[in-house]
Amino acid sequence: MMPTGWCPGTRTVTAMMGTYPGTSCVRIFFGPGDGLPAGAWTDPRQRLAQAPADADVIVSHKDPEVDAAAFVAAWQATGRTGRLILVPHHEPEQQTGGDPAPAAFRTSWTRTRKQVGDHPARLDGRLRLAVCWTLQWVRRVDAAGRRVNDWRTWWPEHEADAVDLVLADWYPYDPTARNPFRPAGYEEPASALAIMVELSRATGKPWGIAEINHPRITTAGGYPADLDSDGSRCAAWYRRMHAWAKANGCQVWSHYHRDEGDLTERKTEQQALRELIAAEAAAPRRLAPALETLRAELTRRWPGAGRTVADSAHHADHRPNARGAIDALDVDVTGVDTAALLAAFQRHPSAAYWIHAGATADADDGWTRRPYAGADPGKDRLHLGIRCTEAAERDQRPWGLAEEAGSDATRFLALLKDPAVALQLRALPWQYVGGGIPKGMSTLGVLNEIVQTVRVIGETVARQAADPAPVRAALARLPEPRPAAGPPEPSGRADGTPPGPAGLPRTPAEVDALAEAVAARVLAALPADASGVSGGDLTAAFRTALAELAG
């Protein structure tokens with residue numbers, strides 16, 4: 001999900017909600033001298049109080065001396081479930097309306113960090129602190145095509161850890177046009193938003209769009225041609241921009257519904273925005289695969305109706321992200337050994353943080369247990385959050401709960417699915433026992449040996465498993481061995497010992513050497529803290545399988 005909405009401009013939020021039902025993002029601006037009033041959250045006449053409780057709210061302001069702590073406390077007291085994205089010094093690079101000098105800008109960011117940088121809502125992802133620049137300013141170039149402005153002037157480098165998000169306001173800009181701000185065509189999304197991907201990589205922060213608008217390209221609007229009299233091209237452009245942004249990591253999207261961006265009389269573009277908002281509101285909620293694996297292990301270890309909950313309103317991580325994945329799971333801890341669960345959870349590379357019984361711990365903080373003062377400290381519930389990266393979400397290595405219950409079949413299946421193991425198995429033919437293909441054997445012959453070895457190991461596990469069906473189903477997907485087209489296999493050894501089946505090692509020493517080599521290669525590709533994988537057990541399994549083959 002990419003929260004999508006608008007800045008209401010001169011209209012009320014209530015009226016805008018009537019036009020755009022399902023809005024998941026509202027942007028509210030406090031101009032110079034407005035401060036950051038905490039009462040705006042509860043005064044029904046104020047736009048903040050009218051915003052949907054489950055929508056993300058982007059709040060930007062222009063004043064350096066504000067009480068961000070009181071503002072955030074008032075927001076938290078409302079019990080809202082959407083995120084608060086707070087932008088100190090909206091568009092400081094404009095240097096109008098009392099915008100601060102760079103030194104004052106940095107001082108103000110330090111003040112903001114001291115006030116709310118360690119707020120529990122920021123630690124659990126519900127409060128985000130952001131910078132916001134105008135992309136027309138960032139993209140400005142001279143006649144030679146060199147950029148004339150440096151965004152780093154307005155980057156709080158000394159408080160970079162306090163910045164959670166890089167936002168920008170997008171408006172038309174084409175340096176090759178006679179009027180760069182009134183180009184002759186709609187810019188393609190890849191070039192229009194490439195700067196946001198660049199800024200995200202340079203700062204190490206995710207990105208979003210706080211304002212976006214494109215007037216229709218008509219002569220009446222000051223453009224050089226009547227390209228789009230009915231707005232159909234502009235509507236199509238909005239759809240392409242939104243889709244490209246979502247596919248390239250955009251975290252939030254807000255249309256500037258004011259002045260030229262007021263779509264009240266631009267019905268074609270209004271319908272496009274309405275559809276984009278509705279589509280995000282209806283985005284499917286899908287638990288990240290890593291958490292699906294964890295949920296399955298939890299259910300087997302501690303059965304119980306309603307043991308886990310993925311769809312909850314109390315935390316931002318329960319909302320689907322831009323990839324449609326939910327990165328948090330709630331566990332009813334009744335009858336659960338929470339110490340064992342947390343120990344297993346903290347060993348997994350995808351794990352990010354947990355909240356339980358008034359305490360929280362974070363992987364990046366060495367799992368140091370700290371007091372949690374958020375809106376929902378979870379007395380009878382354990383909140384488990386993973387890292388919000390695609391790699392972490394897709395990591396389906398076991399969490400160690402099923403293995404503790406003695407599931408050898410689960411361990412074997414997890415190893416087969418592990419990309420690192422697959423990589424090692426693919427490399428084995430070229431690194432066979434000491435390196436290279438053995439003399440007298442073809443590559444295909446070595447591949448056949450590996451397939452047969454995996455089959456025997458899998459069948460051994462299947463015989464020991466309570467339910468052998470999943471193991472045998474995985475084995476059925478292995479390729480069938482094919483006859484080698486290379487040189488003939490050797491007829492025997494120099495000492496007269498006949499070769500084992502398919503050229504496998506025959507003597508106990510050779511079996512042990514190959515078993516240890518294969519186990520070492522598999523384990524070397526796994527993280528040091530991988531749970532449920534024992535070097536001794538793995539070597540023993542390979543040794544048994546090879547001995548059966550050679551026998």
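Reader: In this predicted model, is cysteine 25 buried or exposed?
Author: The model is a predicted one, and the assignment for cysteine 25 rests on its computed relative accessible area, which is 0%. Buried means under 20% relative accessible area, and because cysteine 25 has a value of 0%, the answer for cysteine 25 is buried.

Reader: Which cysteine has the sulfur nearest to that of cysteine 25, and how many disulfides does a search of the whole structure find?
Author: The search of the whole structure finds zero disulfides. Cysteine 25 is accordingly in no disulfide, and the nearest cysteine sulfur is 9.4 Å away, whereas a disulfide needs two cysteine sulfur atoms within 2.5 Å. The count is zero disulfides, and the nearest sulfur belongs to cysteine 250.

Reader: What is the relative accessible area of cysteine 234?
Author: Cysteine 234 is classed as buried, a class that is reserved for values under 20%. The value computed for cysteine 234 is a relative accessible area of 0%.

Reader: What is the geometry of the aromatic pair formed by phenylalanine 30 and phenylalanine 71?
Author: A search of the whole structure finds 13 aromatic pairs, and one of them joins phenylalanine 30 and phenylalanine 71, with 6.5 Å from centre to centre and 85 degrees between the planes. This pair links distant parts of the chain, since phenylalanine 30 is in strand E2 and phenylalanine 71 in helix H3, 41 residues apart. Both phenylalanine 30 and phenylalanine 71 are buried. Planes over 60 degrees apart count as edge-to-face, and the pair of phenylalanine 30 and phenylalanine 71 is therefore described as edge-to-face.

Reader: Tryptophan 41 and phenylalanine 71 also form an aromatic pair; how many residues apart in sequence are the parts that the pair ties together?
Author: The rings of tryptophan 41 and phenylalanine 71 form a tilted pair, 5.3 Å centre to centre with 50 degrees between the planes. Tryptophan 41 is buried at a relative accessible area of 5%, and phenylalanine 71 is buried at 0%. Because tryptophan 41 lies in the loop between E2 and helix H2, while phenylalanine 71 lies in helix H3, the pair ties together parts whose separation in sequence is 30 residues.

Reader: Which element supplies the largest share of the lining of the largest pocket?
Author: The largest pocket has a volume of about 1600 Å³, and its lining has 47 residues, of which Gly125, Arg128, Asp164, Pro206 and Cys388 lie nearest the centre. By class, this lining has 17 nonpolar, nine polar and 21 charged residues. Helices H4, H5 and H8 and strand E13 each supply at least two residues of the lining, and the largest share, three residues, comes from H8.

Reader: Threonine 110 lies in helix H4; which residues does threonine 110 touch, not counting residues up to four places away in sequence?
Author: Threonine 110 has a relative accessible area of 18%, and because buried means under 20%, threonine 110 counts as buried. Leaving out residues up to four places away in sequence, the residues touched by threonine 110 are His158 and Glu159.

Reader: How far apart in space, C-alpha to C-alpha, are leucine 329 and leucine 294?
Author: Leucine 329 has its place in strand E12 and counts as buried at 0% relative accessibility. Not counting residues up to four places away in sequence, leucine 329 touches several residues, among them Leu287, Leu291, Leu294 and His318. Leucine 329 and leucine 294 are 35 residues apart in sequence, and their C-alpha to C-alpha separation in space is 9.1 Å.

Conventions
Residues numbered from 1 in each chain as written. Predicted model: local features only at pLDDT ≥ 70, side-chain atom pairs only at ≥ 80, totals over all residues. Heavy atoms only, no water. Helix = DSSP H or I, 4+ residues; strand = E, 2+ residues; numbered from the N terminus. Buried < 20%, exposed > 50% of the residue type's maximum accessible area, 1.4 Å probe, protein only. Contact = heavy atoms within 4.5 Å. 1 Å grid on protein atoms, 1.4 Å probe; cavity = no way out; pocket = protein on both sides within 12 Å on 5 of 7 lines; lining within 4 Å. Points joined across faces, edges and corners; volume = space filled by probe spheres on them. Nonpolar A, V, L, I, M, F, W, Y, C, P; charged D, E, K, R; others polar. Phe/Tyr/Trp six-rings, centres within 6.5 Å; stacked < 30°, edge-to-face > 60°.
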